[in-house]
Amino acid sequence: MLVQDHMIHITPTSHSRVGEVDFNNIPFGRVFSDHMFVMDYKDGQWGTPKIVEFGHMNMHPAASVIHYGQAIFEGMKAYKNDAGEVFVFRPEMNARRFNLSAHRMCMPEVEESLFVDAIHQLVHLDRNWISSAPGSSLYIRPFMFSTDEYIGVKPSETYRMMIFTCPVNAYYTGAVKVKVETHYTRAVPGGTGFAKAAGNYACSLYPARLAQEKGYHQLLWTDSQEHKWIEESGTMNVVFRINDTLISPAPGETILDGITRHSVMELAKDWGYKVEYRRVSVQEIREAADNGTLKEAFGAGTAATIAPIEVIGFEDGDRQLTEFATWEFAPKALKTLDAIKKGEAPDTHGWNHRVD
Ligand SMILES: Cc1ncc(COP(=O)(O)O)c(C=O)c1O
């Protein structure tokens with residue numbers, strides 16, 4: 001796909017660190033590639049977009065983000081196949097969501113084509129950091145935060161947008177054990193749940209830790225008012241297969257509308273499954289688990305693509321599903337989506353961007 005040239009000012013590093021990396025042994029999210037994208041906003045407009053050597057930056061102690069949390073981010077991945085071709089999966093969707101988040105947090109929007117172009121150029125420059133080994137990819141993290149050096153509570157007038165990338169290996173979670181959360185809340189109607197705002201993650205850490213202390217990996221969030229309706233899980237949307245219907249909580253104000261889920265559900269439609277985005281009650285899922293009609297349950301998100309949920313913890317006890325390997329839909333969706341992302345399966349929806 002052609003992207004507009006935004007005259008991003010590129011200063012390549014003179015010392016690539018890529019030779020120092022053991023690509024078979026990369027701790028997730030702790031290794032950073034050579035370059036980063038930086039663009040500052042002031043006086044009502046964005047300044048020159050730049051790609052520079054990755055490194056630390058200075059911050060003023062009064063920088064508004066540290067105190068009032070105007071911060072948003074995105075996450076996506078680039079893949080390389082054995083032929084050395086590099087692809088990014090649906091970055092325009094991340095660009096759109098980034099601006100939705102920016103709008104809700106009183107932050108300036110970024111032209112979608114610049115967002116996508118910046119990713120293409122950064123990934124192209126650091127393409128040697130992408131391994132073509134099965135499951136490996138380059139995680140891409142765009143983000144924006146407020147930088148006013150002022151401690152009054154008001155929207156900042158200055159911002160920085162950045163993008164860095166991290167090489168990552170296969171993200172194998174194994175089967176996930178989730179606990180239905182019926183006390184704490186991640187998002188409320190009228191709140192920021194649909195935005196990828198940093199604060200949404202901060203407030204979810206404590207309840208998640210309590211669940212982890214009880215042996216669960218993640219929470220299955222429910223609505224804030226009745227705790228009767230399922231919303232999503234940690235950093236994944238959730239999908240249930242009851243008989244031959246794939247069901248997922250309808251996107252709305254309290255759910256982050258994931259790109260992975262959307263893609264998985266489109267595949268499901270292609271393959272003749274019935275797909276429903278609607279309210280899903282805790283009771284419906286518990287009953288389906290008890291009467292054997294809950295055939296599959298999984299989280300969908302960029303990190304793992306698909307994370308099988310084999311145990312769901314309800315207030316009256318855990319329910320165990322059958323093993324992922326025996327499921328009919330999710331393993332096939334995982335394989336197909338991963339192949340599309342590497343340009344190894346037909347991309348009939350036009351999702352993949354080739355980075356030239
Ligand atoms: C809260 C939350 N829900 C869902 C998702 C899944 O979204 P995506 O498939 O776009 O990665 C994410 C990850 O970005 C998330 O942080």
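Which residue stands opposite G317 in β18? In this predicted model, the residue is F314. The pair belongs to the contact between strand β17 (residues 305–314) and strand β18 (residues 317–320). Four bridges join these two strands, which run antiparallel. Two residues lie between β17 and β18, and the strands form a hairpin.

Strand β17 also pairs with strand β10 (residues 176–180). Here the sense is parallel, and the pairing extends over four bridges. K179 has its bridge partner in β17, at G313.

A further partner of β17 is strand β16. The two pair in the antiparallel sense, again over four bridges. G301 stands opposite T305 of β17. This pair of strands also forms a hairpin, with three residues between β16 and β17.

Strand β16 (residues 294–301) was examined for burial. Eight of its eight residues are buried, so the strand is largely enclosed by the rest of the structure. The cut-off for a buried residue is 20 or more other C-beta atoms within 10 Å of its own. Strand β16 is also joined to strand β13 (residues 237–242). Six bridges link β13 and β16, and the two run antiparallel. Within this pairing, R241 stands opposite E296 of β16.

The ligand is surrounded by 13 residues. Those that come nearest are L256, G258, T260, G301 and T302. Two elements, α5 (259–270) and β16, each give two or more residues to this shell. The largest share comes from α5, with three residues. By class, the shell holds seven polar, four nonpolar and two charged residues. G301 thus appears in two settings: it is listed among the residues nearest the ligand, and it stands opposite T305 in β17.

Helix packing was examined for α2 and α3. Two packed helices are described by the angle between their axes and the distance between the axes. Helix α2 (residues 91–104) packs against helix α3 (residues 112–125) at an angle of about 130°. Their axes are 9 Å apart. Angles over 145 degrees count as roughly antiparallel, and those of 65 to 115 as roughly perpendicular. The angle of about 130° falls in neither range. Helices α2 and α3 are therefore oblique to each other. The crossing of α2 past α3 is right-handed.

Definitions and conventions
Residues are numbered from 1 along each chain as its sequence is written. This is a predicted model: local features need pLDDT of at least 70, side-chain atom pairs count only at pLDDT 80 or more; totals for chains, interfaces and linings use all residues. A residue is buried if 20 or more other C-beta atoms lie within 10 Å of its own, exposed if 12 or fewer, and partly exposed in between; C-beta atoms are placed from the backbone. Two strands pair if DSSP finds at least two bridges between them. A residue is near a molecule or strand if its C-beta atom, placed from the backbone, lies within 6 Å of it. Ala, Val, Leu, Ile, Met, Phe, Trp, Tyr, Cys and Pro count as nonpolar, Asp, Glu, Lys and Arg as charged, and the others, Gly among them, as polar. Axes are lines fitted to C-alpha atoms, for helices over the stretch in contact, and angles run from 0 to 180 degrees between N-to-C directions. Angles under 35 degrees count as roughly parallel, over 145 as roughly antiparallel, 65 to 115 as roughly perpendicular and the rest as oblique. A crossing is left-handed if the near helix is turned anticlockwise from the far one by less than a right angle, and right-handed if clockwise.
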